[in-house]
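Visitor: I have a model open in my viewer and would like a guided tour. Could you take my questions one at a time?

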Amino acid sequence: MYDKTVRRRRAVLGLLVASSLILLTAYFGESAGGGLHSIQRGVLDVVSPVQEGASRVLKPVRDLFGWAGDTLDAKGQLKGVREERDALREQLVQSQAKLRESAQLKDQELLNSEHGLGDNAPVRARVIAKDPNLWFDQVTIDQGTSSGVQRNQAVINGQGLVGRVTFVSGSTAIVTLVTNHTTKIGGTVSESGVEGLVEVEQGHPTDLVLNNLSSKDEVSGGQIVVTSGTTSTVGRYPSPYPRDIPIGRVTRIEDVGTDDQQAHLTPFADLRRLDLVEVLTKRDVTSK
């Protein structure tokens with residue numbers, strides 16, 4: 001029974017193949033106006049509307065699959081673009097940080113050279129903490145006794161005087177800023193040699209004043225005040241700071257020509273944006 005079925009199927013297949021060959025031979029052998037060509041055109045006329053309708057019905061499905069594929073490709077491309085953007089942003093941040101640090105180091109070296117501070121064994125340090133409640137009082141740096149840092153050593157940056165070390169551990173130190181209400185600095189007007197005491201004005205932590213001036217002392221706006229550098233009774237005001245470190249610039253004078261006159265200063269060092277500083281670990285006692 002099985003053999004008969006197989007033989008029957010083979011016979012049908014052979015008949016279909018033979019018929020196809022005959023039809024193809026006849027189709028290609030007749031003219032364009034032949035019967036087979038007419039039948040083909042008739043079939044196409046019937047089938048074409050059905051194909052067009054099916055195509056229109058299936059178009060939203062094809063569009064959906066196309067949109068899904070395009071969306072997946074777009075998401076993959078977007079992810080790559082975001083990763084590239086993040087990498088470029090990180091490179092930019094690092095480059096900007098290096099440029100900013102390089103500029104600060106250059107300013108520090110220039111200040112050291114101009115004022116001979118290289119002989120004071122400066123130790124470079126980075127500000128690692130700022131107490132928001134003591135913004136104008138103190139900062140913490142990443143150098144301590146292991147680097148030769150001790151209490152009462154002057155701290156500067158490339159702009160000028162920052163403050164002095166008031167507490168130190170093995171690897172860190174606290175720097176009390178020039179705008180702290182306890183800070184008092186022997187200052188000298190660089191143009192005239194007039195001496196006074198620099199301290200913060202009460203209630204104005206960003207404003208320094210040069211006090212203890214006599215009525216004969218002449219100070220004018222725009223003049224520069226530097227550390228007097230006195231370490232003994234030779235000068236009027238003992239100071240732990242080397243001499244000639246820039247403190248600030250005179251902005252205005254109050255009570256001019258009286259014994260109560262005082263000069264207001266703007267600090268050179270931007271104490272809100274401290275980053276790199278130097279601790280002068282060797283005090284030059286021969287300064288004055």
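Guide: Gladly, and let us begin with a term: two strands pair if DSSP finds at least two bridges between them. Keep in mind that this is a predicted model. With that rule in hand, strands β10 (residues 246–254) and β11 (residues 262–267) are joined by six bridges and run antiparallel.

Visitor: Which residue is the bridge partner of I253 in β11?

Guide: Strand β10 covers residues 246–254, and β11 covers residues 262–267. Looking across from I253 into β11, the bridge partner is A263.

Visitor: How many helices and strands does the protein chain have?

Guide: Read along the sequence, the pattern is α-α-β-β-β-β-β-β-β-β-β-β-β-β. Counting the elements of the protein chain gives two helices and twelve strands.

Visitor: In what order do the strands of the barrel with β1 close?

Guide: Six strands take part, and their pairing is antiparallel. On average, neighbouring strands of this sheet are turned by 45 degrees against each other, direction ignored. The order in which the barrel closes is β1-β2-β5-β4-β3-β12.

Visitor: Within it, what is the bridge partner of V155 in β4?

Guide: Strand β3 (residues 154–156) and strand β4 (residues 161–168) run antiparallel, joined by three bridges. For V155, the partner in β4 is G163.

Visitor: And what is the average turn between neighbouring strands in the sheet of β6?

Guide: Here too six strands close into a barrel, with antiparallel pairing, in the order β6-β7-β8-β11-β10-β9. Ignoring direction, neighbouring strands of this sheet are turned against each other by an average of 40 degrees.

Visitor: Is T188 buried or exposed?

Guide: T188 lies in strand β6. Leaving aside neighbours within four places in sequence, T188 is in contact with G193, V194, E195, I224, V225, V226 and S228. Buried means under 20% relative accessible area. At 11%, T188 therefore counts as buried.

Visitor: Which strand gives the largest share of the largest nonpolar core?

Guide: That core has 40 residues, and I141, L161, V162, V198 and V225 touch the most other members. Setting aside residues up to four places away in sequence, V225 touches partners including V189, V198, L210, I245, I247, V250 and L265. The largest share of the core is four residues, and they come from β4.

Visitor: Now to charges. How many salt bridges does a search of the whole structure find?

Guide: Side chains of opposite charge can pair when their charged atoms come close. One such pair is R273 and D270, whose side chains meet at 3.2 Å, N to O. R273 is exposed, with a relative accessible area of 63%, while D270 is partly exposed at 28%. Searching the whole structure, the number of salt bridges is seven.

Visitor: How many residues apart in sequence are E109 and R124?

Guide: The side chains of E109 and R124 meet in a salt bridge at 3.1 Å, N to O. E109 lies in helix α2 (residues 35–115) and R124 in strand β1 (residues 122–130), so the salt bridge ties together parts whose separation in sequence is 15 residues.

Visitor: Is E109 partly exposed or buried?

Guide: A residue counts as partly exposed when its relative accessible area lies between the 20% and 50% cut-offs. R124 falls there with 39%. With 46%, E109 is therefore also partly exposed.

Visitor: In the pair K184 and E199, which strand holds E199?

Guide: K184 forms a salt bridge with E199, with the closest N and O atoms 2.5 Å apart. The pair links distant parts of the chain, 15 residues apart: K184 sits in the loop between β5 (173–177) and β6 (185–189), and E199 sits in strand β7.

Visitor: What is the relative accessible area of E199?

Guide: K184 is partly exposed, with a relative accessible area of 45%. E199, by contrast, is buried, and its relative accessible area is 16%.

Visitor: To finish, what share of the accessible surface of the protein chain belongs to carbon and sulfur atoms?

Guide: Of the 288 residues of the protein chain, 32% count as buried. The accessible surface of the chain comes to about 17600 Å², and the share belonging to carbon and sulfur atoms is 57%.

Key:
Residues are numbered from 1 along each chain as its sequence is written. This is a predicted model: local features need pLDDT of at least 70, side-chain atom pairs count only at pLDDT 80 or more; totals for chains, interfaces and linings use all residues. Side-chain values use heavy atoms; hydrogens and water are left out. A salt bridge is a side-chain nitrogen of Lys or Arg within 4 Å of a carboxyl oxygen of Asp or Glu. Buried means under 20% relative accessible area, exposed over 50%, partly exposed in between (1.4 Å probe, protein chains only). Axes are lines fitted to C-alpha atoms, for helices over the stretch in contact, and angles run from 0 to 180 degrees between N-to-C directions. Accessible areas come from the Shrake-Rupley method with a 1.4 Å probe; for residues, only the protein chains shown count as cover. A nonpolar core is a set of buried Ala, Val, Leu, Ile, Met, Phe, Trp, Tyr and Cys residues joined through side-chain atoms within 4.5 Å. Contact means heavy atoms within 4.5 Å.
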